[in-house]
Amino acid sequence: MSDTYCPDCKKHTEVAFDHSAGDTVCTECGLVLEAHSVDETSEWRTFANESNDNDPVRVGGPSNPLLTDGGLSTVIAKPNGAHGDFLSSSLGRWQNRGSNPDRSLILAFRTIANMADRLGLVATIKDRANEIYKKVEDLKSIRGRNQDAILAACLYIACRQEDRPRTVKEICSVANGATKKEIGRAKEFIVKQLEVEMGQSMEMGTIHAGDFLRRFCSTLGMNNTAVKAAQEAVQRSEELDIRRSPISIAAAVIYMITQLSEDKKPLKDISLATGVAEGTIRNSYKDLYPYAARLIPNSYAKEEDLKNLCTP
């Protein structure tokens, strides 16, 4: 029940909704305030013909502007309980004759969606990756190339363009066997092809160490105080001339911050969480160590506490 103004009672009263008739009724005077209203909530009744089919969905999927028919084509499925070769029947033959020209695109989009789901990426990144793949596929220039690497590279570029970058190693972990080198080559190939097609440089977005930091800290189970200190240290590091990759700087900052906390993280654990080699973290930490007093917030560690940092 909810409160609604009733013109007969001349005040706000509780109303009841009659789902069977679609009427909103005043509980005090019985006046029908709204008739035949449409219930926009989810419908979980099933209208399937077969008793064993409990699928409540009565509509198809959303249209996809990247497909020729908008993704709304009809597919003749094999009847439940049917025996014999369905493809040899008349319906099966007609199904084969009208083969879907977007079959390869649909499979590619499905693969991108699976990779994105495994990485916990939002729908906008999936859509952007689909658009990038469609543009490259229309150029007819990816034939004979590693399809898994191409799809993974499209997802990597989409993450960069949507300001939600992922490391190549993270993309590689869901890329169905494509290696980091193959994904890197595929990325360079796609960027080059699209730049030629557009006649201008392709916007990829700038990577910052802070883009990866919170995710790495969460993987390591760091507390909020340490995470905030690491974020502030990473922001201050951008003012310095540290010629290291953003991922390496993020890993080195995490190592530096955890050395000043009671919950110290081994270098091996940081390497596994960030995907950065232990030697690279050590070298990056060595570059940051002279600026420790400038990087680490005073609220997290005093100047005398910095003596507890490991000497590189």
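This passage walks through the confidence, a strand hairpin, the salt bridges and a charged surface patch of a predicted model.

Confidence comes first. The protein chain has a mean pLDDT of 82, with 79% of its residues at 70 or more. The low end belongs to helix H1 (residues 90-97), which has a mean of just 61. At the other end sits helix H4 (residues 147-161), where confidence is highest, at 93.

Next up is the hairpin. Strand S2 (residues 11-18) and strand S3 (residues 23-26) run antiparallel and are held together by 4 bridges. Across the pair, Val15 sits opposite Cys26 of S3. There are 4 residues between the two strands, and in this hairpin Gly22 adopts a positive phi near 75°.

Strand S2 also turns up in the charge pairing. Side chains of opposite charge can pair when their charged atoms come close. A total of 12 salt bridges is found in the structure. One of the pairs is Lys11 with Glu28, whose side chains form a salt bridge at 3.4 Å, N to O. This pair ties together distant parts of the chain, 17 residues apart: Lys11 belongs to strand S2, while Glu28 falls in the loop between S3 and strand S4 (32-34).

Charge shows up on the surface as well, this time without partners of opposite sign in salt bridges. Asp163, Glu203, Asp211, Glu238 and Glu239 come together there as a patch of negative charge. Of these residues, Glu238 can be placed in the loop that runs between helix H8 (224-237) and helix H9 (246-259).

Technical notes
Residues are numbered from 1 along each chain as its sequence is written. This is a predicted model: local features need pLDDT of at least 70, side-chain atom pairs count only at pLDDT 80 or more; totals for chains, interfaces and linings use all residues. Side-chain values use heavy atoms; hydrogens and water are left out. Patches are made of residues with over 30% relative accessible area and no salt bridge: like charges are joined within 9 Å, nonpolar side chains (Val, Leu, Ile, Met, Phe, Trp, Tyr) within 5 Å. Accessible areas come from the Shrake-Rupley method with a 1.4 Å probe; for residues, only the protein chains shown count as cover. A salt bridge is a side-chain nitrogen of Lys or Arg within 4 Å of a carboxyl oxygen of Asp or Glu. Lys and Arg count as positive and Asp and Glu as negative; His and the chain ends are not counted. The place of a charge is taken as NZ of Lys, CZ of Arg, CG of Asp or CD of Glu. Two strands pair if DSSP finds at least two bridges between them. pLDDT is the predictor's confidence in each residue, from 0 to 100.
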